[in-house]
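These are my notebook entries on cysteines, the nonpolar core, cavities and salt bridges, written in the order in which I looked them up.

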Amino acid sequence: MKKLVVAKKDACMACKECEIACSEAFYKEFDDRKSCIQISVKKDGVTPKPMVCVQCGKCAEACPEGAITQNAKGVYMINKKKCVGCGKCVDACPFGLVVKAEDKEYASKCIACGICAKACPMEVLEIKEA
């Protein structure tokens with residue numbers, strides 16, 4: 001199974017380089033609402049908390065079109081041709097990491113590509129294969 005993981009939880013500086021890399025890769029612009037990785041804050045209201053897709057499949061279960069399927073490496077992928085943009089996958093994601101931009105006809109989610117991990121100056125993120 002391939003997935004993006006937070007390897008160094010306490011090293012995140014909330015610089016948002018990961019969010020920038022993700023939104024620019026998928027949408028050709030920086031808009032943190034269009035990033036499939038999010039930097040939130042812990043319960044203390046200060047400490048950064050990187051939120052990554054754990055490939056749980058709840059988005060796939062919610063998709064009425066069968067547009068989200070798991071590939072051979074365990075990554076859930078959205079088929080843009082099948083996606084009707086209903087947003088049910090967005091609502092189903094327990095971490096708020098499935099994105100449906102207003103100007104797009106389809107949703108997007110983390111595909112464990114590693115762009116965010118490469119962009120992180122603190123090496124907080126990494127791609128794991130099990």
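I looked up Cys22 and found it buried, at 8% relative accessibility, where buried means under 20% relative accessible area, exposed over 50% and partly exposed in between, with a 1.4 Å probe and protein chains only. The model is a predicted one, in which local features need pLDDT of at least 70 and side-chain atom pairs count only at pLDDT 80 or more, while totals for chains, interfaces and linings use all residues. I number residues from 1 along each chain as its sequence is written, and side-chain values use heavy atoms, with hydrogens and water left out.

Cysteines. I searched the whole structure for disulfides (pairs of cysteine sulfur atoms within 2.5 Å) and found zero. Cys22 is accordingly in no disulfide, and the nearest cysteine sulfur to its own, that of Cys36, is 4.2 Å away. Cys53 is in no disulfide either, the nearest cysteine sulfur being that of Cys110 at 5.3 Å; I note Cys53 as buried, with a relative accessible area of 12%.

Cavities. I took a cavity to be a set of points, on a 1 Å grid over the protein atoms alone, where a 1.4 Å probe fits but cannot get out, with lining residues having an atom within 4 Å of a point. Grid points are joined across faces, edges and corners, and a volume is the space filled by probe spheres set on the points. The search of the whole structure gave four cavities of 30 Å³ or more, and the largest holds about 90 Å³ of space. Its lining has 13 residues, and Cys22 is among those nearest the centre, together with Phe26, Cys110, Cys113 and Cys116. The elements that give two or more residues to this lining are α1 (17–27) and α4 (115–119), helices here being DSSP runs of H or I with at least four residues and strands runs of E with at least two, numbered from the N terminus.

Nonpolar core. I define this as a set of buried Ala, Val, Leu, Ile, Met, Phe, Trp, Tyr and Cys residues joined through side-chain atoms within 4.5 Å. The largest such core has 19 residues, and those with the most contacts inside it are Leu4, Cys18, Ile37, Val52, Cys116, Val124 and Leu125. At least two residues of this core come from each of β1, α1 and α4, and α1 gives the most, with three.

Salt bridges. I counted nine in the structure, each a side-chain nitrogen of Lys or Arg within 4 Å of a carboxyl oxygen of Asp or Glu. Lys8 and Glu123 meet in one of them, at 3.6 Å from N to O. This pair links distant parts of the chain, 115 residues apart, with Lys8 in the loop between β1 (2–6) and α1 and Glu123 in the loop between α4 and β6 (125–129). Lys8 counts as partly exposed at 38% relative accessibility, whereas Glu123 counts as exposed at 52%.

Which side chain does Glu29 meet in a salt bridge? I found Lys34 as the partner, at 2.5 Å from N to O; Lys34 is buried at 9% relative accessibility, while Glu29 is partly exposed, with a relative accessible area of 32%.

Lys73 and Glu129 form a further salt bridge, at 3.5 Å from N to O. Lys73 lies in the loop between β4 (68–70) and β5 (76–78) and Glu129 in strand β6, 56 residues apart.

Key. 1 Å grid on protein atoms, 1.4 Å probe; cavity = no way out; pocket = protein on both sides within 12 Å on 5 of 7 lines; lining within 4 Å.
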